[in-house]
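Biologist: I am new to this structure and would like a close look at a single part. Please begin with any enclosed empty space and then follow the elements around it.

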Amino acid sequence: MVDSRETLISRTRAAIRDVPDFPQPGIIFKDITPVLADSALFRDLIDHFTETHSSARIDVVVGIESRGFIFGAPLAIELGAAFVPFRKPGKLPYQKVRIDYALEYGIDSLEAHRDAIAAGQRVLIVDDVLATGGTAAAALRLVQQMGGNVVGVCFLVELSFLNGRQKLDEVDVQSLLIL
Ligand code: AMP
């Protein structure tokens, strides 16, 4: 690590842009695209997540569509794990398993290829923002239905006032920036 955790948190906090009333009135959207535009910060974040999870013997990193892909894919490479996308309905071409869930702003579903996770594999779930926790909890249940063993859930940002962590209390939840 080039940076302390506190410095990394400050840099991340400074980079994230609040966009009020997106995608609907009352939501303050945490726009992480400025984080991605800062290659040094992006690299340091991936290094940080890698360090955090390197001893957990992760077999599979699940990225939640779509921003979970951005952080999950490089993390999977660094951890020497498979990357598995959990996608919005209708995007995956092969035989699928599916779960429905409530979002902070609506209802949605996640799908995975049915052979993407083998029984007993150790799985880390990754997304950018933990809000109400509905999405991550659904991903967790879908991994479990597939026979996987969720050993952690990892976020860049946690909106703690929405208590999403409560929906994930059976697993290790790691968020870098807790707001
Ligand atoms: P939730 O299921 O409520 O925890 O919502 C998490 C999912 O919705 C994640 O995939 C986030 O990317 C997205 N999301 C929810 N609320 C926000 C927000 N305020 N800013 C950015 N993304 C959000």
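Modeller: A cavity is a set of points, on a 1 Å grid over the protein atoms alone, where a 1.4 Å probe fits but cannot get out, and its lining residues have an atom within 4 Å of a point. Grid points are joined across faces, edges and corners, and a volume is the space filled by probe spheres set on the points. This is a predicted model, in which local features need pLDDT of at least 70 and side-chain atom pairs count only at pLDDT 80 or more, while totals for chains, interfaces and linings use all residues. Residues are numbered from 1 along each chain as its sequence is written, and side-chain values use heavy atoms, with hydrogens and water left out.

On these terms the structure holds one cavity of 30 Å³ or more, and the volume of the largest cavity is about 40 Å³. Its lining is made up of Arg5, His48, Phe49, Thr52, Phe155, Gln174, Ser175 and Leu176. Three of these residues are nonpolar, four are polar and one is charged (Ala, Val, Leu, Ile, Met, Phe, Trp, Tyr, Cys and Pro count as nonpolar, Asp, Glu, Lys and Arg as charged, and the others, Gly among them, as polar). At least two lining residues come from each of α3 (39-53) and β9 (173-178), where helices (H or I, at least four residues) and strands (E, at least two) are DSSP runs numbered from the N terminus.

The helix α3 deserves a longer look. Its 15 residues should span 21 Å at 1.5 Å a residue, and this agrees with its end C-alpha atoms, which are 21 Å apart; the expected span is 1.5 Å times one less than the number of residues. Within α3, the residues Leu41, Asp44, Leu45, Ile46, His48, Phe49, Thr50 and His53 are buried, that is, under 20% relative accessible area, whereas exposed means over 50% and partly exposed lies in between (1.4 Å probe, protein chains only). His48 and Phe49 therefore appear both among these buried residues and in the cavity lining. The buried residues of α3 pack against α1 (5-15), α2, α4, β7, β8 and β9, contact being heavy atoms within 4.5 Å.

Following the chain onward, Arg57 sits in the loop between α3 and β3, and it has a phi near 50°, a positive value in a residue other than glycine. Arg57 counts as exposed because its relative accessibility is 59%.

The helix α4 (67-79) is one of the elements against which α3 packs. Its own buried residues are Gly68, Phe71, Gly72, Leu75, Ala76 and Leu79, and these pack against α2 (33-37), α3, β3, β4 (82-86), β7 (122-130) and β8 (149-158). Its 13 residues should span 18 Å at 1.5 Å a residue, and the 19 Å between its end C-alpha atoms agrees with this. Ahead of α4, in the loop that follows β3 (60-64), lies Glu65, and the peptide bond from Glu65 to Ser66 is cis, with omega near -5°. Glu65 counts as buried because its relative accessibility is 14%. Apart from its neighbours within four places in sequence, Glu65 is in contact with Phe86, Arg87, Lys88 and Lys91. Just after α4, Gly80 has a positive phi of about 70°.

Lastly, in the loop between β8 and β9 lies Asn163, which has a positive phi of about 55° although it is not a glycine.

Key
1 Å grid on protein atoms, 1.4 Å probe; cavity = no way out; pocket = protein on both sides within 12 Å on 5 of 7 lines; lining within 4 Å.
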